[in-house]
Amino acid sequence: MKQIQGTSYNINDDIIGRITFGKNIFSRSNEILVSNNVNKPAFGYSATITSNKSVVDNSKPYCIVDNTDSFHEGDVVVVNNQGEVIFVYEISSNHNAIMATERCNHRCIMCPQPPNVQEKDKTPFNLKLISLFDKETEEIGITGGEPTLIGDNFFVLIKHIQKELPKTAISILSNGVRFADKEFAMKLAKCHHHDLQIDIPLFSDIADEHNRIVGAKTFYKTIQGLYNLALFRQRIGLRIVVHKQTYKRLPQFADFIYHNFPFVSQVAFMQMETTGLAKENFDELWIDPYDYNNELREAVLLLADRGMKPYIYNAQLCVLPEDIRCYAQQSISDWKDIYLSECDGCLLKGQCAGFFASNKEHHSKHIKKVEHISNDISC
């Protein structure tokens, strides 16, 4: 998440609030005022954020930052006593998500966010967070860790989104293991959400290979979870992170998916983010994405030719073969998406996913500026 470092005053516990520049004169208690023109913390707001270093302390909570250019009316932030301002919702972003828990029952060798075994229940915080979101928010993710580990609170979150944001789509990222329990899968169906998709990672058509990558013997539970979700007519996507240990069997894996999961709405092949456990296991995992283009192309076209919907996430268009560029998506969250100097002047830059900031030093050697487009890249 994007964050700004400042200096906090009179803040003991974390304060969560919706950013305002003073447009709303009512219901201030859930809002944090951002203003460079105040000489003391404003009355009625949960906190004040300012770049004015000469603020007079009146015992109300406030935070001084270097500048306020990063704030927008409607953003939601957490301000803590260390002076960190953490953006937990950005009104201009299409990649907002709720962290249901940092716990996980897998330990994937390429996980960008290693699990936290001990944490306090995030549900009360998340319920308040949802209530602060803009009502016109198009989509919200529910992620983790493994979000189903919070048990029935998982459905509490979904129902609260339905109540507070009735027009908002929900995208859930789960390893699918919990849905091997048919009753749990049925509870998701009984939420009757109008626009919900659950995306489940699967890393091989060979059980032992998948289990080794996720660090748990759960391949068949994940498979059963997929079938249970399909039984209750839930919309499902599959995610495959491509790295040195998964790329060779991509064509066979795609064929396996076609024959065993014809009900999935999409299949996403994802370039790896080199942070967290992926950074620790870098030598075992890293391969230049250019070097698996043949396998990726065969897998993508196999699914597309058979009427399924393949996508490519986190990939750079200049590296991909031209005939599969149309399947690439701008999938990297805004706050960690960058471009390199090599991208300056590239004709494809506006359509390209760019790079994870963590991948700045680890990317394909074949990045280049595209100055001529021979084919339309739309599918």
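This is a short conversation about reading a predicted model, taking its cysteines, salt bridges, one histidine and a helix pair in turn.

Colleague: Let's begin with cysteines. How many disulfides does the structure hold?

Modeller: Here's the general idea: a disulfide is a covalent bond between the sulfur atoms of two cysteines. In this predicted model, the count is 0. Take C318, which is in no disulfide: the nearest cysteine sulfur belongs to C346 and sits 6.3 Å away.

Colleague: Why is the sulfur of C346 not in a bond with that of C318?

Modeller: The cut-off for a disulfide is 2.5 Å between the sulfurs. At 6.3 Å, C318 has the closest cysteine sulfur to that of C346, and that is too far for a bond.

Colleague: And are these two cysteines buried or exposed?

Modeller: Buried means under 20% relative accessible area. C318 comes in at 12%, so it counts as buried. C346, at 15%, is buried as well.

Colleague: On to charged pairs. How many salt bridges does a search of the whole structure find?

Modeller: You're looking for a Lys or Arg side-chain nitrogen within 4 Å of a carboxyl oxygen of Asp or Glu. The search turns up 18 of them. One of these joins the side chains of K187 and D152, at 3.0 Å from N to O.

Colleague: Which parts does that pair tie together?

Modeller: Look for K187 in helix α3 (residues 182-190), and for D152 in the loop between β10 (139-143) and α2 (153-164). Those places are 35 residues apart in sequence, so the salt bridge ties together separate parts. Both ends are partly exposed: K187 has 36% relative accessibility and D152 has 46%.

Colleague: What about D199 and R239, are they buried or exposed?

Modeller: D199 is buried, and R239 is too. They form a salt bridge, with 3.8 Å between the closest N and O atoms. This pair also links distant parts of the chain, 40 residues apart: D199 is in strand β12 (residues 196-201) and R239 in strand β13 (residues 235-242).

Colleague: How far apart are the closest N and O atoms of R297 and D323?

Modeller: They are 2.6 Å apart, and the two residues form a salt bridge. R297 belongs to helix α9 (residues 293-305), while D323 is in the loop between β15 (310-313) and β16 (328-329), which puts the partners 26 residues apart. R297 is partly exposed at 35% relative accessible area, and D323 is partly exposed at 35%. Salt bridges can also share partners, and that is how E102, R103, E119 and K122 are joined into one network.

Colleague: Now a single residue. Where is H210, and what is it in contact with?

Modeller: You'll find H210 in helix α4 (residues 207-214). With a relative accessible area of 1%, H210 is buried. Setting aside neighbours within four places in sequence, H210 is in contact with P201, L202, F203, S204, T218, F219 and T222.

Colleague: Last one, helix packing. At what angle do the axes of α2 and α3 cross?

Modeller: They cross at roughly 10° and come within 10 Å. Angles under 35 degrees count as roughly parallel, so α2 is roughly parallel to α3. The contact is made by F154, F155 and I158 of α2 together with F184, K187 and L188 of α3.

Colleague: How do the residues of that contact divide?

Modeller: They split into 5 nonpolar, no polar and 1 charged. You've already met K187 in this contact, as the partner of D152 in a salt bridge.

Conventions
Residues are numbered from 1 along each chain as its sequence is written. This is a predicted model: local features need pLDDT of at least 70, side-chain atom pairs count only at pLDDT 80 or more; totals for chains, interfaces and linings use all residues. Side-chain values use heavy atoms; hydrogens and water are left out. Buried means under 20% relative accessible area, exposed over 50%, partly exposed in between (1.4 Å probe, protein chains only). Helices (H or I, at least four residues) and strands (E, at least two) are DSSP runs, numbered from the N terminus. Contact means heavy atoms within 4.5 Å. Axes are lines fitted to C-alpha atoms, for helices over the stretch in contact, and angles run from 0 to 180 degrees between N-to-C directions. Angles under 35 degrees count as roughly parallel, over 145 as roughly antiparallel, 65 to 115 as roughly perpendicular and the rest as oblique. Ala, Val, Leu, Ile, Met, Phe, Trp, Tyr, Cys and Pro count as nonpolar, Asp, Glu, Lys and Arg as charged, and the others, Gly among them, as polar.
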